[in-house]
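Me: I would like to learn how to read a structure, step by step. Please start with the surface and work towards the charged side chains.

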Amino acid sequence: MKIWVDADACPVVIKDILYRAAERTKIPVTLVANQSLEIPASHHIRFLQVSQGFDVADNEIVKRMESGDLVITSDIPLAADVIEKGGTALSPRGELYTANNIRARLNMRDFMETLRSSGINTGGPPALNQSDRKAFASHLDQILTRFSKQL
C-alpha cells in the first residue's frame, strides 16, 4: 500500500498527520502538486512536482496509484477514479469515499457547479476544524490498521 496526496489543496495540519503516519507505519507517502512543497527529510515521504494545468496532478495520481492504495483528496472526480481503480479515497475532512456514496457526491458536485455557473454564490466549504481533523485521523488510523492486519 502507498498513500498518495493531492497536495495542492491539502491543509498543512493534514499533511502533518500523514507525515507522522508515514514515519510510524513505514508506508510511503507521496505528495503530488504543481507547485513546490517542502517536506520533512524521510525515507518514507516523497514529493512529486507536476506541470501546471487542469487536473495534471489528479491524472498523475491515477496513473501511478495501484489497487489497494490510499489517496487523500477533496476532489470528487479524482476520488471516483481512485475507487474505480480499486483504491481507497479519503478527504482531508475525514470523509471516506466509497462505491456506495461516490455517485451521490458527484451528482451534488455537478449540481453545485451548475448553480455557480448560473451566477449563484454557493460559498465555499467551512474552515477545517478540530472535528474534521479528528475524523481524518480516525479514518486514516482505521485504514492503516486494516492494512497492517492484511500483512
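Reply: This is a predicted model. The protein has an accessible surface of about 8,600 Å², and carbon and sulfur atoms make up 52% of that surface.

Me: How many of the residues count as buried, as a percentage?
Reply: Of the 151 residues, 38% are buried. The cut-off for that word is a relative accessible area under 20%.

Me: What radius of gyration would a compact globule of this length have, and what does the protein have?
Reply: For 151 residues the expected value is near 15 Å, and the protein has 15 Å, so the two agree. The C-alpha trace spans about 50 × 35 × 30 Å along the principal axes.

Me: How many helices and strands are there, and in what order do they run?
Reply: The protein contains five helices and six strands. Starting at the N terminus, the order is β-α-β-β-α-β-α-β-β-α-α.

Me: What share of the contacts joins residues 24 or more positions apart?
Reply: Among contacts with a separation of 6 or more, 50% are between residues at least that far apart, 24 or more positions.

Me: Now the charges. How many side chains are positive and how many negative?
Reply: There are 18 of each sign, and the centres of the two sets are 6 Å apart. As a general idea, side chains of opposite charge can pair when their charged atoms come close. In this structure, a search of the whole model finds five salt bridges.

Me: Where in the protein are Glu60 and Arg64 relative to each other?
Reply: Both are in helix H2, which covers residues 56-64, and because they are four residues apart they are separated by about one helical turn. Their side chains form a salt bridge with an N to O distance of 2.5 Å. Glu60 is buried at 15% relative accessible area, while Arg64 is partly exposed at 41%.

Me: Which residues are linked with them in a network of salt bridges?
Reply: The network consists of Glu60, Lys63 and Arg64.

Me: Which side chain does Arg93 meet in a salt bridge?
Reply: Arg93 meets Asp132, at 2.8 Å from N to O. Arg93 lies in the loop between strand S5 (88-90) and strand S6 (96-97), and Asp132 is in helix H5 (residues 130-150), so the pair ties together parts 39 residues apart in sequence. Asp132 is buried, with 14% relative accessibility, and Arg93 is partly exposed, with 29%.

Me: What is the partner of Glu95?
Reply: Glu95 pairs with Arg105, and their closest N and O atoms are 2.3 Å apart. This pair links distant parts of the chain, since Glu95 is in the loop between S5 and S6 and Arg105 is in helix H4 (residues 102-117), 10 residues away. Both ends count as partly exposed: Glu95 has 27% relative accessibility and Arg105 has 30%.

Me: Which side chain of opposite charge is nearest to Lys15, and how far away is it?
Reply: That side chain is Asp8, 7.4 Å from Lys15. A salt bridge needs the nitrogen within 4 Å of a carboxyl oxygen. Lys15 has no salt bridge, yet it is buried.

Me: Where is Lys15 found, and what is it in contact with?
Reply: Lys15 is in helix H1, residues 12-25. Setting aside neighbours within four places in sequence, Lys15 is in contact with Ala7, Cys10, Leu31 and Leu37.

Technical notes: Residues numbered from 1 in each chain as written. Predicted model: local features only at pLDDT ≥ 70, side-chain atom pairs only at ≥ 80, totals over all residues. Heavy atoms only, no water. Helix = DSSP H or I, 4+ residues; strand = E, 2+ residues; numbered from the N terminus. Rg over C-alpha atoms; globule rule 2.2 N^0.38 Å. Buried < 20%, exposed > 50% of the residue type's maximum accessible area, 1.4 Å probe, protein only. Contact = heavy atoms within 4.5 Å. Areas by Shrake-Rupley, 256 points an atom, 1.4 Å probe, with all protein chains shown as cover. Lys, Arg positive; Asp, Glu negative; His and termini not counted. Charge placed at Lys NZ, Arg CZ, Asp CG, Glu CD.
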